[in-house]
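Me: Let us work through the structure below by question and answer. Each reply should end on the value or name requested.

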Amino acid sequence: MIAVRNGQYMPFDGRTGIKLSAGVINLIVKEVFTLALGAEQVKWLTSYSWRRFRSTMCHTFGTSVQDTTLLGGWAGVPG
C-alpha cells in the first residue's frame, strides 16, 4: 500500500503497517518482473533503475511538460 504524508509517498506493508525499505521493494519488483523480463534482465534492476521511470513513462505516453513536472514533484521547473 502507499500512503502520502507531507507530500511524500511512503510504501508500507498493508498487513503489518511497517514501512517498506527500498531493498524490499526492489525484491518485490524483481519477483513481479522475472516472468516478463527473464532472470538475465531482472538481475540488472536496482533501486536506482526507478530514478528515470516516471519521466520515461511520461515521454512514452506523450504527457505534457506541466503534468510530467507535477508527477515528478519538481518544483520550480518551467512548464
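Me: What positive phi does glycine 38 take just after H1?
Reply: Helix H1 covers residues 22-37, where helices (H or I, at least four residues) and strands (E, at least two) are DSSP runs numbered from the N terminus. This is a predicted model in which local features need a pLDDT (the predictor's confidence in each residue, from 0 to 100) of at least 70, side-chain atom pairs count only at pLDDT 80 or more, and totals for chains, interfaces and linings use all residues. Residues are numbered from 1 along each chain as its sequence is written, and side-chain values use heavy atoms, with hydrogens and water left out. Just after H1, glycine 38 has a positive phi of about 90 degrees.

Me: On which residue is the kink in H1 centred?
Reply: The bend at a residue is the angle between axes fitted to the seven residues ending there and the seven starting there. In H1 there is a kink of about 30 degrees, and its centre is glutamate 31.

Me: What pattern does the protein follow along the sequence?
Reply: Four helices and two strands make up the secondary structure. Read along the sequence, these elements give the pattern β-β-α-α-α-α.

Me: Which element has the highest mean pLDDT?
Reply: The protein averages a pLDDT of 77, and 77% of the residues score at least 70. Among the elements, strand S1 (residues 2-5) has the lowest mean, 61. The highest mean, 90, belongs to residues 39-42, helix H2.

Me: Is valine 42 buried or exposed?
Reply: Valine 42 is found in helix H2. Setting aside neighbours within four places in sequence, valine 42 is in contact (heavy atoms within 4.5 Å) with Lys30, Phe33, Thr34 and Leu37. Buried stands for under 20% relative accessible area, exposed for over 50% and partly exposed for in between, with a 1.4 Å probe and protein chains only. Because its relative accessibility is 5%, valine 42 counts as buried.

Me: How many Å apart in space are valine 42 and valine 32, C-alpha to C-alpha?
Reply: Valine 32 lies in helix H1 and, at 56% relative accessibility, counts as exposed. In sequence, valine 42 and valine 32 are ten residues apart. From C-alpha to C-alpha, their separation in space is 9.6 Å.

Me: What accessible area do the residues of the nonpolar patch have together?
Reply: Patches consist of residues with over 30% relative accessible area and no salt bridge; like charges are joined within 9 Å, and nonpolar side chains (Val, Leu, Ile, Met, Phe, Trp, Tyr) within 5 Å. Here the members are Val24, Ile28, Val32, Phe33, Leu37, Trp50 and Phe53, and helix H1 supplies the largest share, five residues. An α-helix has 3.6 residues a turn, so residues three or four places apart point the same way. With accessible areas from the Shrake-Rupley method (1.4 Å probe; for residues, only the protein chains shown count as cover), the patch comes to about 600 Å².

Me: Is asparagine 26 buried or exposed?
Reply: Asparagine 26 also has its place in helix H1. Not counting residues up to four places away in sequence, asparagine 26 touches Leu45, Thr46, Ser47 and Trp50. Because its relative accessible area is 11%, asparagine 26 is buried.

Me: With which residue does the side chain of arginine 15 meet in a salt bridge?
Reply: A salt bridge is a side-chain nitrogen of Lys or Arg within 4 Å of a carboxyl oxygen of Asp or Glu. Arginine 15 is exposed because its relative accessibility is 79%, whereas its partner is buried at 18%. That partner is found in the loop between strand S2 (8-11) and H1. At 3.4 Å, N to O, arginine 15 meets aspartate 13.

Me: With which residue does the side chain of lysine 43 meet in a salt bridge?
Reply: The count comes to two salt bridges. Lysine 43, at 48% relative accessibility, counts as partly exposed. At 3.1 Å, N to O, its side chain meets that of glutamate 40.
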